[in-house]
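Reader: I'd like to learn how to read a few local features off a model. Can you walk me through them?

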Amino acid sequence: MISSRGFTAPQIEAPASDVIDWRRRIHAHPELSYKEHATSDFVVETLPSFGLSPERPTETSVTVQIQGRGPGSTVALRADLDALPLQRRPGTPSPPR
């Protein structure tokens, strides 16, 4: 568990190879804003393995609440799931994987 100022969050541990696979999977199938169906589905499928209970306020968003142990500040984290519509110029090398 991670603990700071009365807040306890689940310890999230995953082998580096899993994290790399997740990143590659998400980057291999980019989805534009409000069309992140596969990406948000993947996040919802993965979070329970860390003891978290994801919710779907909309069909392409995911939220998780981690309850603190007592009164105190609220911390909110936000992450974007969408990709940008970029076009690679002819002759430009692909980034390394």
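Reader: What joins the side chains of Glu31 and Thr39?

Author: A polar contact is a pair of N or O atoms within 3.5 Å; within protein, one must be able to donate a hydrogen and the other to accept it, and residues adjacent in sequence count only if both atoms are side-chain atoms. Here the side chains of Glu31 and Thr39 make one at 2.6 Å. The Glu31 side chain also reaches the backbone nitrogen of Ala38, at 3.0 Å. Bear in mind that this is a predicted model, where local features need pLDDT of at least 70 and side-chain atom pairs count only at pLDDT 80 or more, while totals for chains, interfaces and linings use all residues. Residues are numbered from 1 along each chain as its sequence is written, and side-chain values use heavy atoms, with hydrogens and water left out.

Reader: Where is the place of Glu31?

Author: Helices (H or I, at least four residues) and strands (E, at least two) are DSSP runs, numbered from the N terminus. Glu31 sits in the loop between helix H1 (16-28) and helix H2 (37-46). Contact means heavy atoms within 4.5 Å; leaving aside residues up to four places away in sequence, Glu31 touches Glu36, His37, Ala38, Thr39, Leu81, Asp82 and Ala83.

Reader: Which side chain of opposite charge is nearest to Glu31?

Author: For charges, Lys and Arg count as positive and Asp and Glu as negative, with His and the chain ends not counted. A salt bridge needs a side-chain nitrogen of Lys or Arg within 4 Å of a carboxyl oxygen of Asp or Glu. Glu31 has none: Arg56 is the nearest candidate, 8.7 Å away. Yet Glu31 is buried (under 20% relative accessible area; exposed is over 50%, partly exposed in between, with a 1.4 Å probe and protein chains only).

Reader: And what about the phi of Tyr34?

Author: Most residues other than glycine have a negative phi. Tyr34 has a positive one of about 65°. Tyr34 also lies in the loop between H1 and H2, and is exposed at 69% relative accessible area.

Reader: How many aromatic pairs does a search of the whole structure find?

Author: Rings of Phe, Tyr and Trp (its six-membered ring) pair if their centres lie within 6.5 Å; planes under 30 degrees apart count as stacked, over 60 as edge-to-face and the rest as tilted. The search finds 1 pair. Trp22 and Phe50 meet edge-to-face, 6.1 Å centre to centre with 90° between the planes. This pair links Trp22 in helix H1 to Phe50 in the segment after H2, 28 residues apart. Trp22 is partly exposed at 25%, whereas Phe50 is buried at 14%.
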